[in-house]
Every structure is written in structure tokens, then in C-alpha cells.
Amino acid sequence: MDAKTKEAIDLLRTLIATPSPSRDESRTADLIFAYLAEHGAVPERLHNNVFARSADFDPARPTLLLNSHHDTVRPNSGYTRDPYDPAIEGDRLYGLGSNDAGASGVSLLAAFRHFYDREEMKYNLCVAITAEEENSGSDGLECVLPELGPLDFAIVGEPTQMQLAIAERG
């Protein structure tokens, strides 16, 4: 496993181990903010939403938004595993939020980090890992969009059983 993959898996495991039910995701927002800052980005935060722009952001270029959410549903009594134990068995990682949508968020953060300081890109990148998606809360993506400025298109990370979706609500 290469270092970038290990780092992404470690971040996902840390997020899984940190409870983040919708409307109570401040601790995972802290982790995401620190991750971006630690890797040279200049993150911003509005409520429990964390966002950042690429290093050579130019308002004259089109902007691609990379978005997913870091909140989860609350665990229920039917769980057969500890929802906050990011156990790896074989090639599978278990834990609440691992699929919806931790893996998506961590993958988008890794892509943002990879392209963050590339010069002469044709597009700006903006990453927003947002809150309150699981309950369609008003302090999630809805409140962040005006802060992000004009966006031309987006990649939204949400589990869709590997089927491309042309629109998401969140």
C-alpha cells in the first residue's frame, strides 16, 4: 500500500472512530480542518462545514467543487458491530460512516490535496466537506454555497452503488 493510500485510510478510520451524528459533527469538522491545514491548504469553516480552495485559485477560471458530507445517522440497536470501531477485516473497512459518506469525503480530500498546488490548471478546485446532509439541515451545504463563490460544476461523493448519478440532493 502506498503512503497516500495509507494516509487516506488512516484519516477515514479516525473519522469513523469520532461520532458525528447530523447536527453534532463539530469533532469531525475539527479533524478535517486540521488535516487540510496540516497539508498546506488554507481551510475555512462555517458551522461544521469545512472548505478550501486550490493554491492558485483564479476567479477568471471555471471552478470545480468537490463535495461530500461528514455527518452520519445515529447508530441503532440493530448494529451487530461497534459503529465507532474502524475494524479492517480482509479488504473491508467497517464502521459507521465508512460508506456514507466517509470514503467519498476522504477520496475527494485526497484528490484535492493531490492537485492543490498544481500550477497552470484549467480549473480551480474547491473542496467542501459539509455537515447536516443526513437530515437536510440548513447549516450544511445550503449555507456554505454563497461562501464558495461561483461554481461551474461539481463532483458529489455519495454512495450510489457505483452508478453515476447526474444530480444529488444534499
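Is Tyr123 buried, partly exposed or exposed? With a relative accessibility of 39%, Tyr123 counts as partly exposed. Keep that residue in mind while we walk through this predicted model, because Tyr123 returns below as one half of an aromatic pair.

Let's begin with the sheet. Five strands make up an open sheet, and reading across it gives the order S1-S2-S6-S3-S7, with mixed pairing. The edges belong to strand S1 (44-46) and to S7, each of which has a single partner strand, so one side of each has no neighbour in the sheet. From one strand to the next, the twist averages 20°. At the S1 edge, the partner is strand S2 (residues 49-53), and the two run antiparallel, joined over three bridges. If you want a spot to look at there, find Leu46, which stands opposite Asn49 in S2.

The other edge strand, S7, brings us back to the opening residue. Two aromatic pairs turn up in a search of the whole structure. In one of them, the ring centres of Tyr123 and Phe153 are 5.4 Å apart and the ring planes meet at 90°, so this pair is edge-to-face. Tyr123 belongs to the loop between helix H3 (98-115) and strand S6 (124-130), while Phe153 belongs to strand S7 (residues 153-156), so the contact ties together parts that lie 30 residues apart in sequence. Phe153 is partly exposed, at 36% relative accessibility.

Helix H3 comes just before that loop, and its length can be checked with simple arithmetic. At 1.5 Å a residue, its 18 residues should span 26 Å, and the C-alpha atoms at its ends are 24 Å apart, which agrees. Which residues of H3 are buried? They are Ser98, Ala101, Gly102, Ser104, Gly105, Val106, Leu108, Leu109 and Phe112.

Now for the charged side chains. Side chains of opposite charge can pair when their charged atoms come close. The count here comes to seven salt bridges, and three of the pairs are worth a visit. One of them joins Asp10 and Lys6, with 2.8 Å from N to O. Both residues lie in helix H1 (residues 3-16), four residues apart, or about one turn of the helix. Asp10 is partly exposed, with a relative accessible area of 32%, and Lys6 is partly exposed too, at 44%.

Another salt bridge links Asp56 with Arg61, whose closest N and O atoms are 3.5 Å apart. What is the relative accessible area of each partner? For Asp56 the value is 25%, which means partly exposed, whereas Arg61 is at 16% and therefore buried, since the cut-off for buried is under 20%.

The remaining stop is Arg81, which takes part in two kinds of contact. Arg81 forms a salt bridge with Glu89, in which the closest N and O atoms are 3.1 Å apart. The charged end of Arg81 also sits over the ring of Tyr94, 3.6 Å from the ring centre. Arg81 is partly exposed, with a relative accessible area of 34%, and its salt-bridge partner Glu89 is partly exposed at 41%. A charge sits over a ring elsewhere as well: the charged end of Arg53 lies over Phe57, 5.9 Å from the centre of its ring.

Key: Residues numbered from 1 in each chain as written. Predicted model: local features only at pLDDT ≥ 70, side-chain atom pairs only at ≥ 80, totals over all residues. Heavy atoms only, no water. Salt bridge = Lys/Arg side-chain N within 4 Å of Asp/Glu carboxyl O. Buried < 20%, exposed > 50% of the residue type's maximum accessible area, 1.4 Å probe, protein only. Phe/Tyr/Trp six-rings, centres within 6.5 Å; stacked < 30°, edge-to-face > 60°. Lys NZ or Arg CZ within 6 Å of the ring centre and 35° of its normal. Expected span 1.5 Å × (residues − 1). Pairing = 2+ DSSP bridges. Axes fitted to C-alpha atoms, helices over the stretch in contact; angles between N-to-C directions.
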